[in-house]
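Colleague: I am new to this structure and should be grateful for a close look at a single part of it. Please choose one sheet and describe how its strands are arranged and what lies against them.

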Amino acid sequence: MLSTLKGMLMTLRTSLRKPVTAQYPKEHLPLMERQVGFPALTWDADVSEPYCVGCMVCVRMCPTQCMSGTMIDNPHHAEGKSTRRKIIEEFEINLGRCILCGLCVEVCNFDAIEMSHEHEISHFARNGRRSDLPVLLEMGKKYQSETNWISPAVKKAAIAAEKAAAAPAAEAGETKEDVSAVADETEGEAK
Amino acid sequence: MVNMGPQHPSTHGVFRMVLWVDGERIVDAEPHIGYLHRGSEKLCEGELYPQIITLFDRMDYLANYNMEMAFCATVEKIMGITVPDRAEYIRVILCELNRICSHMLFYGTMGLDAGAMTPIMYGFRERERIQNLFEAVSGARMMHNYFRIGGLREDPPDDFAERVAGILPALAQGIEEGDKLLTYNEVFLARSRGVGVLSGQDALDYGLSGPSLRASGIPDDIRVTEPYSIYDRFDFDIPVGNNGDTWDRYAMRVEEMRQSLRIIEQALEQMPDDGPIKATGVRGIPRPPEGEVYVRVETPRGEMGVYLVSDGGDKPYRLKVRPPSFANLQALRPMLRGVYIADAVMILGSLDIVLGEVDR
């Protein structure tokens with residue numbers, strides 16, 4: 001008898017609780033900050049061109065070979081507007097094949113590709129998610145504006161400032177090690 | 001002769017079983033596997049080392065972190081990399097959380113197999129807490145691709161330790177609630193006690209591992225007998241069963257969740273607040289030296305072995321996986337002989353197989 005009452009009390013409590021289910025197409029749960037969505041290309045608003053220089057590191061790293069691209073001489077560089085000698089001309093990611101592993105983002109040296117928050121990619125045509133450069137840049141711009149995305153130049157400056165702040169504080173012996181560590185790092189990057 | 005499967009609600013994947021029956025009793029059973037075969041081992045030979053982690057994610061899709069751990073530990077061993085402490089602690093915390101996550105699903109489906117609907121709700125409620133944490137750490141709920149050879153992809157969020165500590169009490173309570181709900185339920189006991197008994201010797205002969213082996217009374221856990229990573233720094237018990245029946249296999253996993261919580265608590269205490277998360281000297285695409293190596297780790301399902309032969313290149317020459325579920329599945333046939341058809345589902349469920357790694 002008592003256990004029945006206990007059980008009913010539990011049922012009553014649960015029935016008065018607010019439901020946790022979100023009615024999906026109408027409601028969306030908030031996305032996590034690190035949410036991995038489909039990859040997108042970022043846009044350098046300062047010179048209005050993509051960050052991507054078409055080095056193809058990501059294309060080679062992709063486990064499913066879903067990317068392709070070509071590189072051309074950057075017309076903006078000839079005019080002196082941009083520091084990039086080369087720039088991406090055509091780029092295509094077959095998002096239908098992408099497995100969202102994020103390896104392309106990891107190997108990119110220019111922060112030109114990022115995992116956006118785009119995750120609803122249903123399409124009517126079979127190859128409808130073969131996304132070309134404008135589409136990917138659009139996704140990237142959306143991602144950049146939605147999150148406080150920090151451009152690589154700003155990031156670099158911040159790291160440099162941090163190093164400069166840390167260097168005087170360190171003792172003489174340690175500084176020596178620091179320098180060699182930095183040298184190691186740059187050497188690694190060069191490789 | 002009855003055909004069971006390939007699509008059957010009690011298997012996590014596609015698995016077919018042909019049963020020869022005499023009335024309600026099973027005379028013989030023949031498992032048919034291969035419906036989820038993707039040729040992962042062969043694919044590994046054509047992929048660079050960092051790319052292979054994505055393939056391991058997809059083998060045991062209920063314990064992704066543990067599988068990533070298996071592969072990363074293998075390559076780290078052959079290359080002689082020492083992983084920074086902080087990275088190891090984060091790995092262990094994530095692996096143990098994933099173990100709870102996987103066992104929670106087992107707990108739920110076990111209830112379903114026995115005809116109880118509520119446990120899966122409880123199980124998924126707890127899973128959601130863990131999954132949310134995983135999502136905050138790696139950005140994905142399933143295919144994390146978060147472990148790297150020599151460490152981790154990136155630092156976990158700043159509030160990682162607090163968040164883990166925050167969900168632990170809720171998890172502990174959830175496990176106790178679930179335990180109270182199902183473990184000593186009269187109907188559940190009647191269905192599972194003395195059903196599908198496997199003796200310790202048989203279990204060893206069939207190469208069982210993990211909770212299924214321990215249920216038969218053999219205290220063998222790779223985390224203790226051959227500690228990998230930093231498992232030798234934690235104090236935890238290995239639950240051992242007495243009878244080797246379906247109930248024992250179920251109870252082992254419930255108890256293991258509690259032990260996992262103990263490991264996580266200790267790891268949170270010992271974890272350094274700051275430090276590198278990736279070993280120095282691992283840059284670009286790793287090229288392990290020529291040679292071969294075999295590493296075993298304990299996934300929620302049992303012993304996961306990775307045998308790697310390297311020819312010094314950026315892709316493995318050969319990679320062989322010893323999946324726990326595949327070996328555990330071999331014991332199904334002797335266990336099914338002589339039982340009722342209705343119990344077949346429960347016995348299969350109690351082995352907690354994941355077809356993704358059985359077929360690879």
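Modeller: The following account concerns one sheet of chain B, the helices beside it and one residue that touches it.

The model is a predicted one, and the description should be read accordingly. In chain B, three strands make up an open sheet, in the order β6-β7-β8, and their pairing is antiparallel. The edges are held by β6 and β8 (318-322) of chain B; each has a single partner strand, so one side of each is left without a neighbour in the sheet. From one strand to the next, the twist averages 15°. As general background, the strands of a sheet pair through backbone hydrogen bonds, in either a parallel or an antiparallel sense.

The pairing of β6 with β7 may be followed residue by residue. Strand β6 of chain B covers residues 291-299 and strand β7 of chain B covers residues 302-310; nine bridges link them in the antiparallel sense. The connection from β6(B) to β7(B) is a hairpin that passes through two residues. Two facing pairs serve as examples. B:Gly291 is placed opposite B:Ser310 in β7(B), and B:Val293 is placed opposite B:Leu308 in β7(B).

Two helices of chain B lie across this sheet. Helix α2 of chain B, residues 49-57, lies across β7 and β8 of chain B and runs at about 155° to β7(B). Helix α3(B) lies across β6, β7 and β8 of chain B, and its direction is at about 150° to β6(B).

Within α3 of chain B, which spans residues 64-79, one finds B:Thr74. Leaving aside residues up to four places away in sequence, B:Thr74 touches B:Val293, B:Val295, B:Val306 and B:Leu308. Among these residues are B:Val293 and B:Leu308, the pair that stands opposite one another across β6 and β7. Is B:Thr74 buried or exposed? B:Thr74 counts as buried because its relative accessibility is 0%, and the cut-off for that term is under 20%. The side chain of B:Thr74 also has a polar partner, since it reaches the backbone oxygen of B:Ala70 at 2.6 Å.

To summarise, the part consists of an open antiparallel sheet of three strands, with α3(B) lying across β6, β7 and β8 of chain B and α2 of chain B lying across β7 and β8.

Note on methods. Residues are numbered from 1 along each chain as its sequence is written. Chains are lettered from A and ligands numbered from 1 in the order in which they are written. This is a predicted model: local features need pLDDT of at least 70, side-chain atom pairs count only at pLDDT 80 or more; totals for chains, interfaces and linings use all residues. Side-chain values use heavy atoms; hydrogens and water are left out. Two strands pair if DSSP finds at least two bridges between them. Helices (H or I, at least four residues) and strands (E, at least two) are DSSP runs, numbered from the N terminus. Buried means under 20% relative accessible area, exposed over 50%, partly exposed in between (1.4 Å probe, protein chains only). A polar contact is a pair of N or O atoms within 3.5 Å; within protein, one must be able to donate a hydrogen and the other to accept it, and residues adjacent in sequence count only if both atoms are side-chain atoms. Contact means heavy atoms within 4.5 Å. Axes are lines fitted to C-alpha atoms, for helices over the stretch in contact, and angles run from 0 to 180 degrees between N-to-C directions.
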